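Me: Please take a close look at how the interior of this structure is packed. I should like the cut-offs stated along with the values.

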Amino acid sequence: SLHDALPICFPVTILFYFLGKQMRKETALLGKVESIVTDSPVALSAFYSKKYCTEKISDVISFAVAAYYKELQNDADVLNIQVLREKEYNPQGRFETKDVAEQYDRDIPLILTPLIGEIVTLGVDEILEYILRRGR
């Protein structure tokens, strides 16, 4: 697994680079679009740092993510939606096995909810109805 291959972390500069890059992409859109939909939200940096980095690095990234979401929620109406995995798992280009990926699906809300707030897990066909029902 990737965890065994990288016992301390992705090179730290790369992890911080991706965190900053995604923050920049999202904040550049604030006030310009009605919604931001991404398969790589800022919060995932905190999740993967907990899985693959030292505790110190993970703590720093988790702090940055929590602060980002706190500020974001002051300026935007944030919905955190985790999409249910409905298609057959394709290992091509993935670091994790199917079993590990399915465990991560369960772990993501447990690890990220304290940092970013409620995460709702929905099937693809349920997302639009959920958003409309909430009046967004």
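Reply: **Packing of the interior**

L29 has a relative accessible area of 33% and is therefore partly exposed; that class lies between buried, under 20%, and exposed, over 50% (1.4 Å probe, protein chains only). The model is a predicted one, in which local features need pLDDT of at least 70 and side-chain atom pairs count only at pLDDT 80 or more, whereas totals for chains, interfaces and linings use all residues. Residues are numbered from 1 along each chain as its sequence is written, and side-chain values use heavy atoms, with hydrogens and water left out.

L29 belongs to helix α2; helices are DSSP runs of H or I with at least four residues, strands are runs of E with at least two, and both are numbered from the N terminus. The C-alpha atoms of L29 and E88 are 33 Å apart, with their positions 59 residues apart along the chain.

Helix α2 (residues 12–29) also packs on helix α4 (residues 55–75): their axes come within 12 Å and cross at roughly 5 degrees. Such axes are lines fitted to C-alpha atoms, for helices over the stretch in contact, and angles run from 0 to 180 degrees between N-to-C directions. This crossing makes α2 roughly parallel to α4, given that angles under 35 degrees count as roughly parallel, over 145 as roughly antiparallel, 65 to 115 as roughly perpendicular and the rest as oblique. From α2, the residues V12, L15, F16, L19, M23, E26 and T27 meet I57, V60, I61, A64, V65 and Y68 of α4, contact being heavy atoms within 4.5 Å. The contact of α2 with α4 comprises 11 nonpolar residues, 1 polar and 1 charged; Ala, Val, Leu, Ile, Met, Phe, Trp, Tyr, Cys and Pro count as nonpolar, Asp, Glu, Lys and Arg as charged, and the others, Gly among them, as polar.

The largest nonpolar core has 21 residues, and V42, I61, V65, Y69, L112 and I116 have the most contacts inside it. A core of this kind is a set of buried Ala, Val, Leu, Ile, Met, Phe, Trp, Tyr and Cys residues joined through side-chain atoms within 4.5 Å. At least two residues of this core come from each of α2, α3, α4 and α5, and α4 supplies the largest share, 6 residues. In soluble globular proteins, nonpolar side chains tend to be buried together.

Individual positions fill in the picture. A43, in helix α3, is buried with a relative accessible area of 3%. Beyond four places in sequence, A43 is in contact with V65, Y69, L112 and I116. S62, in helix α4, counts as buried at 6% relative accessibility; its contacts beyond four places are A46, S49, K50 and L115.

Aromatic pairs number 7 in the structure; rings of Phe, Tyr and Trp (its six-membered ring) pair if their centres lie within 6.5 Å, with planes under 30 degrees apart counted as stacked, over 60 as edge-to-face and the rest as tilted. One of these pairs is F47 with Y104, edge-to-face at 5.2 Å centre to centre and 80 degrees between the planes. This pair joins helix α3 (residues 43–52) to helix α5 (residues 98–116), its members being 57 residues apart, and both F47 and Y104 are buried. The ring centres of Y68 and Y69 are 5.4 Å apart and their planes stand at 85 degrees, so this pair is also edge-to-face. Y69 is buried, with a relative accessible area of 4%. F47, Y48, Y52 and Y104 form one aromatic cluster.
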